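Please go through the following structure and ask, for each term applied to it, which criterion stands behind the word.

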Amino acid sequence: MNTPMVAFRGVHKSFGSFEALRGVSLDVMPGEVMCLIGASGSGKTTLLRSVNQLHPIDAGGIWLDGELLGLREEGGRLHRLSEAEIARQRSGTGMVFQRFNLFPHMTALGNVVEGPLRVQRRPKAEVRDEAMALLERVGLGDKAGSYPVALSGGQQQRVAIARALAMRPKLMLFDEPTSALDPELVGEVLAVMRELAASGMTMMVVTHELGFAREVADRVIYMDRGAIVEAGTPAEVLGTPQEERTRAFLSKVL
Amino acid sequence: MTARGGVTPGFPDLGGLAVARRPFWGRWIAAAAVLTALGLILKAFAEGQIEWSYVARFLTAPTILSGIVNTVVMAVLAMALGTVLGIVVALMRLSQNPVLVACAAGYTWLFRGTPLILQLLLWFNIALIFPTIGLPGIWSAPAVEVMTPFVSALLGLGLNQGAYTSEVIRAGIISVDEGQHDAARAIGMGRLTALRRVVLPQAMKVVLPPLGNEFISMIKTTSLASVIQFPEVLHSAQNIYYANSRVIELLIVAGFWYLAVVSVLTPVQMLLERHFSRGSGRTR
């Protein structure tokens with residue numbers, strides 16, 4: 001039996017009185033592409049951000065490649081990890097945001113080399129070559145010197161994917177990567193993600209693109225009110241949903 | 001009704017016609033009025049009791065030149081101290097640590113709440129409270145020797161400036177999008193690296209125009225240090241006119257130099273702003 005790339009066990013998270021996650025347990029296997037669907041406020045983005053510890057969870061545990069995230073067990077008690085240890089754990093996952101969040105004062109290439117150079121402190125020449133190769137891979141080799149403001153939304157998001165990949169992550173997290181794009185630009189980003197999935201990358205994708213989920217996902221998770229309602233292959237969850245809530249959601253978005 | 005994409009006939013083709021220029025009467029009248037007023041003012045000054053030869057002579061007098069150098073050096077050092085303090089205090093103010101937040105707020109309250117000239121006088125006369133100052137057991141010296149006009153002016157101007165600059169920098173940091181913090185953390189950056197590489201460079205775009213404004217203001221505020229005998233340009237001018245009674249001539253000399261320095265700084269500020277607006281799409 002393989003160890004899961006990500007294991008969630010009883011994960012709880014509240015924002016004030018709002019319970020965003022109510023005890024989520026889930027495994028993401030190595031090489032698996034998992035799509036998370038659900039209405040806004042269902043907890044899917046919170047679940048994604050908790051893997052990257054962009055906010056700490058209140059209860060439960062998350063293991064990335066066997067390593068407990070954010071906490072350390074010692075003497076029968078749990079201790080919070082230091083900021084530096086959390087930063088190191090974060091660098092093992094790549095994250096792509098809905099609003100791209102490229103660094104506007106750096107060129108496309110500058111964005112991609114920033115993490116490997118400043119965080120991982122790898123040699124400059126190697127990082128540069130790898131970054132150029134990544135920009136080529138997402139089809140933007142000729143835009144290396146462009147600032148984000150000069151790029152379309154689709155191009156910015158592809159640079160953001162290259163930036164995340166430059167950290168050589170074990171896992172890629174996508175938080176509604178195409179929701180802020182004009183419809184004609186969605187395809188180019190999905191094409192890059194499709195290629196990435198085919199290359200064997202483990203991916204968790206929060207998305208409203210059910211077509212992409214159906215075609216690329218190994219598993220689809222439908223979440224509602226902070227809990228997993230239904231999980232299965234795309235054909236099962238999107239084709240023959242067993243739960244009433246899943247059917248209601250799908251009838252609204254299809 | 002016209003067909004799809006067709007247009008209704010009856011509208012003339014304007015393609016061959018040039019647009020005639022409207023005469024700008026208002027501009028001509030305004031220019032004439034301003035020139036007349038300027039002429040009258042110049043005439044008044046030329047006929048007034050000003051010995052222009054004194055202005056020309058003292059414009060490059062060694063005392064005046066060393067005064068303006070002192071003014072610029074003091075402004076640069078006080079601004080540097082103020083900016084470093086400002087960044088530190090802004091970060092304290094934005095931190096999660098309630099003790100640091102309170103310290104930062106207290107500092108801003110104290111130094112913004114009292115007149116600068118009073119603070120300068122206090123620093124200069126601090127020997128009256130503490131005859132000797134220093135670190136217990138390591139180093140100490142008589143306060144009169146340490147608190148020279150230069151040191152008192154630097155402390156007074158710098159600490160006061162820090163209180164104002166901290167608010168400017170805090171505004172700049174707050175203006176940086178929350179997503180930028182997320183993105184920096186997501187690639188494993190620690191808090192300090194994120195601040196240095198991602199947040200501050202973007203905050204600079206917002207911070208620079210008011211900071212340049214403060215610096216230009218600082219050039220002139222150094223003149224307050226004349227009350228504690230710091231030999232900046234106004235103090236030099238005063239020393240000369242106490243001796244020769246050419247008050248207006250020497251004030252004109254000092255005024256000329258302030259204007260000259262500020263005129264040089266304005267384009268420098270423009271260049272800096274252009275540098276930090278890289279990638280904003282508003283580079284002009």
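Q: What makes Val33(A), Cys35(A) and Ile37(A) one group and Met34(A) and Leu36(A) another in strand 3 of chain A?
A: In this predicted model, Val33(A), Cys35(A) and Ile37(A) point one way from strand 3 of chain A, while Met34(A) and Leu36(A) point the other way. In a regular strand the side chains alternate between the two faces of the sheet.

Q: Why is strand 3 of chain A called mostly covered?
A: Buried means under 20% relative accessible area, with exposed over 50% and partly exposed in between, for a 1.4 Å probe and protein chains only; 5 of the 5 residues of strand 3 of chain A (residues 33-37) are buried.

Q: How do you know that strand 3 of chain A pairs with strand 10 and with strand 11 of chain A?
A: Strands, which are DSSP runs of E with at least two residues, numbered from the N terminus, pair if DSSP finds at least two bridges between them. Strand 3 has 4 bridges to strand 10 (residues 202-206) in the parallel sense, where Val33(A) has Met203(A) as its bridge partner. Another 4 bridges join strand 3 to strand 11 (residues 219-224), again running parallel, and there Cys35(A) stands opposite Val220(A).

Q: Why is chain B, with its 11 helices and 2 strands, described as spread out or compact?
A: The radius of gyration, taken over C-alpha atoms, is set against a globule rule of 2.2 Å times the number of residues to the power 0.38; chain B has 28 Å, well over the 19 Å given for 284 residues, so chain B is more spread out than a compact globule.

Residues are numbered from 1 along each chain as its sequence is written, and chains are lettered from A in the order in which they are written. Local features need pLDDT of at least 70, and side-chain atom pairs count only at pLDDT 80 or more, while totals for chains use all residues.

Note on methods: Heavy atoms only, no water.
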